[in-house]
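I opened a fresh page for this one and went through it piece by piece. My notes follow, in the order I looked things up.

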Amino acid sequence: MAIRNIIKEGDPVLNKVCRPVEKFDGRLAQLIDDMAETMREANGVGLAAPQVGILRRVVVIDVGDDHGLIELVNPEFVEQSGEQECTEGCLSSPGQYGITKRPAKVKVRAFNRRGEVVEVEGEGLLATACCHEIDHLNGILFKSHVIRMLDPKELDGE
């Protein structure tokens with residue numbers, strides 16, 4: 001495994017739509033392992049392949065719950081319901097946070113690294129993370145969903 005460089009906002013790769021994964025092989029497994037290690041090293045809860053310069057539909061998420069590490073290859077929403085406001089940030093926009101509106105509950109269908117179909121249902125932070133990371137695969141950054149950007153003082157509880 002290796003830590004990869006996280007691409008920062010302003011790089012045009014973050015605004016591109018990613019291509020579907022067609023080969024479920026060792027290279028894909030290595031990418032997923034590297035992304036998971038990179039996400040953890042950066043203290044993130046999710047990372048999408050374009051954030052490490054790979055224009056493929058691959059996402060890793062770990063919100064610290066019973067789901068553990070979630071690997072989503074070619075993810076698609078099956079269901080979205082409700083609405084929630086949440087605080088979001090992005091590893092590609094360090095130090096910037098905003099209040100967003102997202103679905104309160106989602107169901108996502110995807111493949112795992114072996115090409116097996118998986119479904120993930122989540123609400124709260126997991127729903128937000130799924131929406132945030134899948135947006136990355138479509139060239140969309142969280143700021144397009146922001147109701148209000150936050151001042152860093154608001155995050156510190158001051």
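**Entry 1: two asparagines**

I began with N43, which is exposed, with a relative accessible area of 69%. A word of caution for myself before going on: this is a predicted model. I placed N43 in the loop between helix 1 and strand 1. Its phi caught my eye, since N43 sits near 60°, a positive value in a residue other than glycine.

I then turned to N74, which has a positive phi of about 55° although it is not a glycine either. Is N74 buried or exposed? I found a relative accessible area of 15%, and the cut-off for buried is under 20%, so N74 counts as buried. I noted its place as strand 3.

**Entry 2: helix 1**

Next I looked at helix 1, residues 26–41. I checked its length: at 1.5 Å a residue, the 16 residues should span 22 Å, and the end C-alpha atoms are 22 Å apart, which agrees.

At the start of helix 1, I saw a side-chain oxygen of D25 reaching to within 3.2 Å of the backbone nitrogen of R27. At the other end, N43 comes just after the helix with its positive phi of about 60°.

Which residues of helix 1 are buried? I listed L28, A29, L31, I32, D34, M35, A36, T38 and M39. I reminded myself that an α-helix has 3.6 residues a turn, so residues three or four places apart point the same way. I looked for what covers the buried residues of helix 1, and the cover includes strand 1, strand 2 and strand 3. The helix lies across these three strands, running at about 40° to strand 2 (58–61).

**Entry 3: the five-stranded sheet**

I traced an open sheet of five strands, with the order 1-2-3-6-7 and antiparallel pairing. Strand 1 (46–48) and strand 7 (117–123) stand at the edges with a single partner strand each, so one side of each is left without a neighbour in the sheet. I read an average twist of 35° from one strand to the next.

I followed the pairings inward. Strand 3 (residues 70–81) and strand 6 (residues 105–111) pair in the antiparallel sense over six bridges, and I found that V73 has F111 of strand 6 as its bridge partner. Strand 6 also pairs with strand 7, again in the antiparallel sense, over seven bridges. There I noted K107 standing opposite E121 in strand 7. The hairpin of strand 6 and strand 7 has five residues between the strands, and in it G115 takes a positive phi near 85°.

**Entry 4: the three-stranded sheet**

I found three strands forming an open sheet in the order 4-5-8, with antiparallel pairing. Its edge strands are strand 4 (84–90) and strand 8 (146–149), each pairing on one side only. The twist I noted here averages 30° from one strand to the next.

Strand 5 and strand 8 pair in the antiparallel sense over three bridges. What is the bridge partner of G98 in strand 8? I found M149. I also saw helix 2 lying across strand 4 and strand 5, at about 50° to strand 4.

**Entry 5: S93**

I stopped at S93, which is found in strand 5 (residues 93–102). At 3% relative accessibility, S93 counts as buried. What does S93 touch beyond residues up to four places away in sequence? I wrote down E9, F142 and K143. With E9 there is also a polar contact of 2.8 Å, joining the side chain of S93 to that of E9.

**Entry 6: the cores**

I finished with the nonpolar cores. The largest has 23 residues, and I61, L72 and L126 have the most contacts inside it. I checked where the residues come from: strand 2, strand 3, strand 6 and helix 2 (125–137) each supply at least two. Helix 2 gives the largest share, seven residues.

I picked I61 for a closer look. Leaving out residues up to four places away in sequence, I61 touches M39, V45, G46, G68, L69, I70, L72, L126, A129, C130 and E133. Apart from this core I found another, of 14 residues, with V21, I32, V60 and V73 among them. I had already met I32 as one of the buried residues of helix 1, and V73 as the bridge partner of F111.

Notes: Residues numbered from 1 in each chain as written. Predicted model: local features only at pLDDT ≥ 70, side-chain atom pairs only at ≥ 80, totals over all residues. Heavy atoms only, no water. Pairing = 2+ DSSP bridges. Helix = DSSP H or I, 4+ residues; strand = E, 2+ residues; numbered from the N terminus. Axes fitted to C-alpha atoms, helices over the stretch in contact; angles between N-to-C directions. Contact = heavy atoms within 4.5 Å. Expected span 1.5 Å × (residues − 1). Buried < 20%, exposed > 50% of the residue type's maximum accessible area, 1.4 Å probe, protein only. Polar contact = N/O pair within 3.5 Å; in protein donor to acceptor, adjacent residues only side chain to side chain. Core = buried A, V, L, I, M, F, W, Y, C linked by side-chain atoms within 4.5 Å.
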